[in-house]
Amino acid sequence: MKITDLKAITLGRVSIIRIDTDEGIYGYGEAHCPKQQVIPLKRFILGEDPTNVEKVMKKIRFRGAFKPFGSQISAIEIALWDIAGKAAGLPVCKLLGGKVRDKVRVYCDCGAGVLWDPDDPTSAYSPEAYAEKARRRMKMPQGFTILKFDIGFHGSHGGQLLSVHGGSYEAEDLYPTKGHVTERGLKAEIACVEAIKDVLGDKIGLAVDCGPGQSLPSAIKLAKALEPFNLLWAEDLLTGDYTPYTDPEAYRILTSSTVTPILTGEQIYLRHGFRDLIEQHAVDIVAPDICDVGGLAEAKWIAEFADLYGLLIAPHNVGLPIVFMANVHAAAAMPQNFIAFEFHSVDIPWWEDIVKGLEKPMIKDGFVNVPDSPGLGIELNEKVMRKHLSEGEKYFE
Ligand SMILES: [Mg+2]
């Protein structure tokens, strides 16, 4: 089998790619970058046998980097596995070692609180706004068992902390930002978590995303102050989203100073970027994004390596159903250090309509069933896809 073409279409900020072969089998991938970043890779993979996934990846892997420059590489890796699965007549998870679990836990990203006043972005950052969002998310038909909220500087307009007058030094209304937190700011962060926990109790797991990040002393104070709330994790307290490096030394100090589990990793490219974090026990949980780290087999490898050192994994994900299913297959084959992967699209009504061939609704009781159909197990719904294509886009032409 030989690769004959690589095409991409744009939906908002997402590029969906399709790799075609001379045997009529094709594979889908998803990149979170402009398609102009993906298409130039075509000349390196044309004529290659797509079922030799690693051999093809060796030709392009060095052309990626930390987020957002690993996405085009990751998309191709996902599409190659889709083809390899279809060619073998097996679901992708079987090519990764098989199912450790039949259904995979998904957690729900909630963002900030409810936006009470559309003209005032800071209205989403009051404890009451967070509590109301928690109430609404608990009632979602997907039945999520874990919710994640943004606090600190994570989010638009400098996040929750910048909405607090005198809450921080040096942070700016620019994403990503970072700063040192005042006593007033720290109290406001704690108040938001307290309000959410009052709603969730111990029925639903709670994680917070603080990405990225805070000064090391602020991060230590916050993580320690949040210990009574038994969080599942505190994310990106020091570095994270769009940080072009990791900081294992600082993370090691933070993690060893608190029992609040510390998580990072969504911007990291390749297993090598996780090596120091894992070997030094610099965090408790790693969070590679399959769409940025170099693909689904890369994430599976990181899960194995983390497990060897007693670390957990909770993959980051903000994607459409293509990369969502790549996550399902990778997670199905991960060891028991897997917690859940992220679902970021609860407010997009057409989200699951763009694919066919799967059980729907895709998320039930907080889990996704792992399909047995070959490859990723999805086909695109062309009619729905056409409705959401960016202006001027043609459908894989
Ligand atoms: Mg994050």
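**View A. Three strands make an open sheet in this predicted model.** Start with the order of the strands: it goes E1-E2-E3, and the pairing is antiparallel. Out at the edges sit strand E1 (3-11) and strand E3 (26-31), each of which pairs on one side only. On average, neighbouring strands here are turned by 20° against each other, if you ignore direction.

**View B. Zooming in on E1 and E2.** E2 covers residues 14-21 and runs antiparallel to E1, with eight bridges joining the two strands. Want one pair to look for? Find threonine 10, then look in E2 for serine 15, the bridge partner of threonine 10.

**View C. Helix H3 meets the sheet.** H3, made of residues 71-88, lies across E2 and E3. Compared with E3, helix H3 runs at about 155°.

**View D. Helix H2 packs with helix H3.** Two packed helices are described by the angle between their axes and the distance between the axes. For H2 (residues 53-60) and H3, the angle is about 165° and the axes are 10 Å apart. Angles over 145 degrees count as roughly antiparallel, so that is how H2 and H3 sit relative to each other. The crossing of H2 past H3 is right-handed.

**View E. Who touches whom between H2 and H3.** From H2, the contact uses Val53, Val56, Met57 and Ile60. H3 brings Ile73, Ile76, Glu77, Leu80, Trp81 and Ala84. How do the residues of this contact divide into nonpolar, polar and charged? There are nine nonpolar residues, no polar ones and one charged.

Note on methods:
Residues are numbered from 1 along each chain as its sequence is written. This is a predicted model: local features need pLDDT of at least 70, side-chain atom pairs count only at pLDDT 80 or more; totals for chains, interfaces and linings use all residues. Axes are lines fitted to C-alpha atoms, for helices over the stretch in contact, and angles run from 0 to 180 degrees between N-to-C directions. Helices (H or I, at least four residues) and strands (E, at least two) are DSSP runs, numbered from the N terminus. Angles under 35 degrees count as roughly parallel, over 145 as roughly antiparallel, 65 to 115 as roughly perpendicular and the rest as oblique. A crossing is left-handed if the near helix is turned anticlockwise from the far one by less than a right angle, and right-handed if clockwise. Two residues are in contact if their C-beta atoms, placed from the backbone, lie within 7 Å. Ala, Val, Leu, Ile, Met, Phe, Trp, Tyr, Cys and Pro count as nonpolar, Asp, Glu, Lys and Arg as charged, and the others, Gly among them, as polar. Two strands pair if DSSP finds at least two bridges between them.
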